Amino acid sequence: MSRIGKLPIQIPAGVSITQKEGVVTVKGPKGELSQVVNPDITVNVNGGVLTVERPTDERNHRALHGLYRALINNMVVGVSNGYKKELELVGVGYRASNTGQLLELSLGYTHNIFLELPADIKVETKSERNKSPLIILESADKQLLGQVCAKIRSFRKPEPYKGKGIKFVGEVIRRKSGKSAAK
């Protein structure tokens, strides 16, 4: 039995789950998310507990069992609590600012980078004196949030020599020493 798939999902107060024609929809205070579920996998809602079951122990069914349980759990947590990621810009002259959903990044290139963020994501930028600028992203959709963070990070990945670039707050960058001194 799948260790992840067999775990029941506790449904918090204020969250409702509906299932219709292979689509599971989760509504809560932070928004509404939906996920298409394979017809072989059954989703049961009894009281305040949701369980995911598979028909057989085939390899494909075992894989889908844990996958859909994790996706539905991420949706339940997202619409009740939400997800938050913080990105830090490390480097001299690196700046970030936002006007609504338009994020403007100054990362040492000849032109600034403008990125239009999806409506589901809330963005906030902080620039304090003697601290690295921060980009704070919040959303109910964990997949979309991770995808947007990866896109922002791809503009200037942290490099191992000076540690300059866009990194997650708390992320440890593996550092390398530069050229070794002449003998």
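Strands, such as the β4 that recurs throughout this account, are DSSP runs of E with at least two residues, numbered from the N terminus. The model described here is a predicted one, and a convenient way into it is to follow that strand from the sheet to which it belongs to the pocket that it helps to line.

The sheet in question is open and consists of three strands in the order β2-β3-β4, with antiparallel pairing. Its edges are formed by β2, spanning 16-20, and by β4, spanning 31-36, each of which pairs on one side only. From one strand to the next, the twist averages 15°. Between β3, which covers residues 23-28, and β4, the antiparallel connection is made by six bridges, and within this pairing V24 has Q35 of β4 as its bridge partner. Helix α1, made up of residues 59-80, packs on the sheet and touches β2, β3 and β4, while its direction makes about 170° with that of β4.

The same strand also leads to the largest pocket, whose volume is about 250 Å³. This pocket is lined by 15 residues, and those lying nearest its centre are K30, D120, K122, S139 and A140. Two or more lining residues come from each of β4, β7 (83-90) and β12 (134-139), and among the contributors β4 gives the most, with three residues. In chemical character, the lining of the largest pocket divides into seven charged, five polar and three nonpolar residues. Strand β4 is thus an edge strand of the open sheet and, in addition, the element that gives the most to the lining of the largest pocket.

Key. Residues are numbered from 1 along each chain as its sequence is written. This is a predicted model: local features need pLDDT of at least 70, side-chain atom pairs count only at pLDDT 80 or more; totals for chains, interfaces and linings use all residues. Side-chain values use heavy atoms; hydrogens and water are left out. Two strands pair if DSSP finds at least two bridges between them. Helices (H or I, at least four residues) and strands (E, at least two) are DSSP runs, numbered from the N terminus. Axes are lines fitted to C-alpha atoms, for helices over the stretch in contact, and angles run from 0 to 180 degrees between N-to-C directions. Contact means heavy atoms within 4.5 Å. On a 1 Å grid over the protein atoms alone, a cavity is a set of points where a 1.4 Å probe fits but cannot get out, and a pocket is an open set with protein on both sides within 12 Å along at least five of seven lines; lining residues have an atom within 4 Å of a point. Grid points are joined across faces, edges and corners, and a volume is the space filled by probe spheres set on the points. Ala, Val, Leu, Ile, Met, Phe, Trp, Tyr, Cys and Pro count as nonpolar, Asp, Glu, Lys and Arg as charged, and the others, Gly among them, as polar.
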